[in-house]
Amino acid sequence: MKLSPRFLPIPKLSSAFPLTIVVVLVSCQGLPAQELSKLPYVPTPQIVVDEMLKLANVTAKDFVMDLGSGDGRMIITAARDFKAHGMGVDIDPKLVVLSNKQAKTDGVDDRAKFIEQDMFKADLSKATVVTLYVLPDFMEKLRPKLLSELKPGTRIVAHDYYMSEWYPDRQFSLTVPEKVKANGTDKAYLYLWIVPSIVRGNWRMEFGSGSQRQLIVLEFEQQYQMIHASAENILGQMKIDNPLLRGQEISFDLLLGAHPYRFTGKVNDGKMEGTAVTPGGARPIPWRATMWPPPTK
C-alpha cells in the first residue's frame with residue numbers, strides 16, 4: 001500500500017459537470033474472489049482505528065460494518081470502547097476465526113461478529129457506519145454498492161484512500177510513525193462521507209398555514225451531497241442561497257418579500273419537512289415539500 005493518498009480540494013458547483021447521482025451496479029458484484037484475495041493485509045494502527053470511529057461519531061446506537069476487517073480491531077474497538085454493535089467482513093477464513101476469538105476474549109462477542117465473505121456480496125443495509133481500508137481501485141468499485149445499499153445519513157470512513165468525484169464531507173491527517181514500514185510515510189489520511197438523500201428534481205413546497213400559506217416550487221440539481229437550488233412562486237423567480245445537504249438534513253436561505261428566511265428540515269422518502277425562521281420573527285414557521293413527480297419505489 002504505497003500509493004500516495006492526498007487531500008481533495010472541495011469544489012464549487014459548476015455547469016462544467018453533470019449534477020446527478022448515478023447509482024448503477026456494474027462489474028463489482030461479479031468481481032472474482034481471487035482478485036479480493038490479492039488485497040494486501042496491512043493492519044490499521046490502533047490510533048487510526050480510534051480516530052476513524054471518532055470521525056464517524058460512533059455511539060451505542062450504531063451498527064458498524066468493516067469491509068476487509070483483517071484482525072477485527074475496528075469492530076472490536078467499536079464494540080468495546082463505543083458500545084456499538086458491528087460486523088466485520090473478510091475473505092480470509094483464518095483472520096475471521098482470529099477476530100471472533102479476540103472478540104470473545106475481549107468480552108464483546110455479543111456485539112462484534114465476523115464472517116467470511118466477499119465484501120461485494122455483503123448486505124450493507126443494516127449499517128449506520130461503514131469503515132474501509134482498501135486500495136483505490138476497490139474504493140471505486142465499492143462506491144455504487146455503498147450508494148445503492150446504504151440509507152441516507154450513513155457515515156462512511158476511509159483510511160488513506162478516497163473515492164474520486166464524491167468529495168468527502170470531512171478530511172484530516174495525523175502523524176502515525178508506525179505506518180512508515182508498511183506505507184513509506186508516517187501520515188494517515190482519513191476521509192468521511194455521509195450518504196446523501198436524493199433531492200434532485202422538482203418539489204412542491206407549502207410554507208405557513210391558513211391564510212398565510214404560500215405555494216413555492218423548488219428545483220434541485222445534485223452531485224452527491226453538493227446541491228444547487230432555484231425557487232419560484234406565482235409572482236416569479238425567488239432568491240434562494242446557501243443550499244446545504246448533509247445526509248437527510250437540508251437547509252437553504254429564501255427571500256420572501258423583503259424578509260430573509262432560513263429553512264431547515266429533513267428529507268425522507270420523497271418528502272421534506274421542517275421550519276423556517278427570520279430575524280426578529282416571533283416563532284419558527286412550518287414548511288413541507290413533496291417531490292414531483294413522486295419517486296418510484
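The exercises below work through the folds, sheets and cores of a predicted model.

Residues are numbered from 1 along each chain as its sequence is written. In this predicted model, local features need pLDDT of at least 70 and side-chain atom pairs count only at pLDDT 80 or more, while totals for chains, interfaces and linings use all residues; side-chain values use heavy atoms, with hydrogens and water left out.

**Exercise 1. Overall inventory**

Task: State how many helices and strands the protein chain has, and what share of its residues is buried.

Solution.
- Step 1. Take helices (H or I, at least four residues) and strands (E, at least two) as DSSP runs, numbered from the N terminus. The chain then has six helices and 16 strands.
- Step 2. Call a residue buried under 20% relative accessible area, exposed over 50%, and partly exposed in between (1.4 Å probe, protein chains only). Of the 297 residues, 45% are buried.
- Step 3. Add the surface, by the Shrake-Rupley method with a 1.4 Å probe; for residues, only the protein chains shown count as cover. The chain exposes about 15,200 Å², and carbon and sulfur atoms supply 54% of that area.
- Step 4. Define contact as heavy atoms within 4.5 Å. Among contacts between residues at least 6 apart in sequence, 60% join residues at least 24 apart.

**Exercise 2. The seven-stranded sheet**

Task: Give the strand order of the open sheet of seven strands and locate its edges.

Solution.
- Step 1. Two strands pair if DSSP finds at least two bridges between them. The order is E3-E2-E1-E4-E5-E7-E6, with mixed pairing.
- Step 2. E3 (112–116) and E6 are the edge strands, each pairing on one side only.
- Step 3. Axes are lines fitted to C-alpha atoms, for helices over the stretch in contact, and angles run from 0 to 180 degrees between N-to-C directions. From one strand to the next, the twist averages 20°.
- Step 4. Check one pair. E1 and E2 (residues 85–90) run parallel and are joined by five bridges. Phenylalanine 63 has histidine 85 in E2 as its bridge partner.
- Step 5. Place a helix. H3 packs on the sheet and touches E1, E2, E3 and E4; its direction makes about 165° with that of E1.

**Exercise 3. One face of H2**

Task: Explain why the buried residues of H2 line one face of the helix.

Solution.
- Step 1. List them: in H2 (residues 46–55), Val48, Val49, Met52, Leu53 and Leu55 are buried.
- Step 2. Look down the axis of H2. The buried residues fall within an arc of 160°, so they line one face. The arc is that of the directions from the helix axis to the C-beta atoms.
- Step 3. Recall the geometry. An α-helix has 3.6 residues a turn, so residues three or four places apart point the same way.
- Step 4. Find the partners. The buried residues pack against H3 (73–82), E4 (129–132), E5 (155–159), E6 (170–175) and E7 (187–194).
- Step 5. Orient the helix. H2 lies across E4, E5, E6 and E7, at about 25° to E7.
- Step 6. Note the exit. Just after H2, asparagine 57 has a positive phi of about 55°.

**Exercise 4. The nonpolar cores**

Task: Name the residues that touch the most other members of the largest nonpolar core.

Solution.
- Step 1. A nonpolar core is a set of buried Ala, Val, Leu, Ile, Met, Phe, Trp, Tyr and Cys residues joined through side-chain atoms within 4.5 Å.
- Step 2. The largest core has 31 residues; Leu67, Leu132, Leu146, Ile156 and Trp193 touch the most other members.
- Step 3. E1 (63–67), E4, H5 (136–149), E5 and E7 each supply at least two residues. The largest share, five residues, comes from H5.
- Step 4. Leucine 146 touches Leu124, Val130, Leu132, Ile156 and Met163, leaving out residues up to four places away in sequence.
- Step 5. A second, separate core has 27 residues, including Ile75, Val108, Ala112 and Leu190.

**Exercise 5. The nine-stranded sheet**

Task: Which strands stand at the edges of the open sheet of nine strands?

Solution.
- Step 1. Write the order: E11-E10-E9-E8-E16-E15-E14-E13-E12, with antiparallel pairing.
- Step 2. E11 (236–238) and E12 (240–246) stand at the edges with a single partner strand each, so one side of each has no neighbour in the sheet.
- Step 3. The twist averages 25° from one strand to the next.
- Step 4. Six bridges join E8 to E16 (residues 285–292). There, phenylalanine 207 pairs with tryptophan 287 as bridge partner.

**Exercise 6. A loop serine**

Task: Is serine 197 buried or exposed?

Solution.
- Step 1. Serine 197 lies in the loop between E7 and E8 (201–207).
- Step 2. Its relative accessible area is 4%, so serine 197 is buried.
- Step 3. Beyond neighbours within four places in sequence, serine 197 contacts Pro152, Gln222, Leu245, Gly247, Gln248 and Val267.
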